[in-house]
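Open the model in your viewer and keep the sequence panel visible. This tour goes from one selection to the next and says what to find at each stop.

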Amino acid sequence: MNQLSLNLVAIGIFTITMTSLLGPLVNLSPLVPTIATAGVLGLATLDTLSWRGQGSTLLLDWLAGFSAGHRDRVIRHEAGHFLVAHQLGIPTTGYTLNAWDALRQGYPGQGGVRFDSTELETAMQKGELLDRYCTIWMAGIAAERLIYGNVEGGADDRQKLRGLLAQLGLPPTEREQKERWSLLRAKTLLEAQISAYEALMTAMTQGASVEVCNEAIAQHLLQAA
């Protein structure tokens, strides 16, 4: 059972426990917490076995979507990936800003920026291209740190980077160094093009196409030049 499902089970059990304790005070039937317990556990099991955790992801994403601050942070995170990929010559093929949009487009998970990964196998042999992908993966974290001073997302990004570096056989110390270097490089690239970053943010907030987003970046990169 994935962590999201476990968290939902924990919340459900806590709520059910409180209902059991307070039920007698409000004349609530003991059958209610019993049925609720069975329902929560059944849904969590179904989500894990049949939906691969997507149900809990969708629910939590929907709840988080009520927070304007959370939505803004997600867009800023994904805009960091998008802009750095553009600067490093890796084409962006699409993006989603929440799990519901990702599901509608046929992609599991919480959404994000999608890249042309046809060169990724080559990247496993060529250091320069590998460095570009590592920098792009760390760009969302760099964007959050740059704007907010802290990081809430990016666990999947770190996992992708660390998984690839481990697959390549790099020792732990070298993997840590490359992760730190990629984060620093991404932050430097974003800082150098803040106006393009803000223009991209606006376009993504409006749900603009990848083509329109690229045009917004290009206009401000030309202005900076």
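The expected span of a helix is 1.5 Å times one less than its number of residues. Keep that rule at hand for the helix stops, and keep in mind that the model is predicted.

**Whole chain**

Select the protein chain and colour by secondary structure. Eleven helices and two strands appear. From one end of the sequence to the other, the order is α-α-α-α-β-α-β-α-α-α-α-α-α. The chain has 225 residues, and 36% of them count as buried. Among contacts in the chain with a separation of 6 or more, 67% are between residues 24 or more positions apart.

**Helix α4**

Select residues 68-87, which form helix α4. What span should the 20 residues of α4 have at 1.5 Å a residue? The expected value is 28 Å, and the end C-alpha atoms of α4 are 28 Å apart, so the two agree.

Now colour α4 by accessibility. Its buried residues are R73, I75, R76, H77, E78, A79, G80, H81, F82, L83, V84 and A85. Charged side chains are on that list too, including R73, R76 and E78. Just past the helix, pick G89, where phi is positive at about 80°.

Go back into α4 and pick H70. Is H70 buried or partly exposed? Its relative accessible area is 30%, and H70 is therefore partly exposed. Show E152 as well: 82 residues separate it from H70 in sequence, while their C-alpha atoms are 9.6 Å apart in space.

**Where α4 meets α9**

Add residues 172-192, helix α9, to the selection. Two packed helices are described by the angle between their axes and the distance between the axes. For α4 and α9, the axes come within 10 Å and cross at roughly 90°. Angles of 65 to 115 degrees count as roughly perpendicular, and α4 and α9 are therefore roughly perpendicular to each other.

Which residues should be shown as sticks at this contact? On the α4 side they are G80, L83, V84 and Q87; on the α9 side, A186, L189 and L190. The residues of this contact comprise five nonpolar and two polar, with no charged ones. Of the α4 residues here, G80, L83 and V84 are also among the buried residues of that helix.

**Strand β2**

Next, select residues 112-115, strand β2. Two of its positions are worth a separate look.

Pick V113, which is found in β2. V113 counts as buried because its relative accessibility is 13%, under the 20% cut-off. Leaving out neighbours within four places in sequence, the contacts of V113 are E78, H81, F82, T92, G94 and Y95. E78, H81 and F82 belong to the buried set of α4. For a distance label, use A79: it is 34 residues from V113 along the chain, with 8.3 Å between their C-alpha atoms.

Then pick F115, also in β2. F115 has a relative accessibility of 17% and so counts as buried. With the same neighbours left out, F115 is in contact with H81, A85, I90, P91, T92, T93 and I136. Y133 lies 18 residues from F115 along the chain, and their C-alpha atoms are separated by 9.7 Å.

**Helix α7**

Select residues 127-148, helix α7, and pick L129 in it. L129 has a relative accessible area of 6% and is therefore buried. G89, the residue with positive phi just after α4, is 40 residues from L129 along the chain, and their C-alpha atoms are separated by 10.0 Å.

**Helix α8**

Select residues 155-167 for helix α8, which has 13 residues. From first C-alpha to last it reaches 18 Å, close to the expected 18 Å. On which side do its buried residues D157, L161, L164 and L165 lie? They cover an arc of only 100° around the axis, so they are on the same side of α8. Turn to the face away from that buried side to find the exposed residues A155, Q159 and Q167. After α8 comes G169, with a positive phi near 85°.

**Helix α10**

Finish with residues 194-205, helix α10. Its twelve residues should span 16 Å, and the end C-alpha atoms are 16 Å apart, which agrees. Buried in α10 are A196, Y197, A199, L200, M201, A203 and M204. G207 follows α10, and its phi is positive, near 75°.

Note on methods: Residues are numbered from 1 along each chain as its sequence is written. This is a predicted model: local features need pLDDT of at least 70, side-chain atom pairs count only at pLDDT 80 or more; totals for chains, interfaces and linings use all residues. Side-chain values use heavy atoms; hydrogens and water are left out. Axes are lines fitted to C-alpha atoms, for helices over the stretch in contact, and angles run from 0 to 180 degrees between N-to-C directions. Helices (H or I, at least four residues) and strands (E, at least two) are DSSP runs, numbered from the N terminus. Angles under 35 degrees count as roughly parallel, over 145 as roughly antiparallel, 65 to 115 as roughly perpendicular and the rest as oblique. Contact means heavy atoms within 4.5 Å. The arc is that of the directions from the helix axis to the C-beta atoms. Buried means under 20% relative accessible area, exposed over 50%, partly exposed in between (1.4 Å probe, protein chains only).
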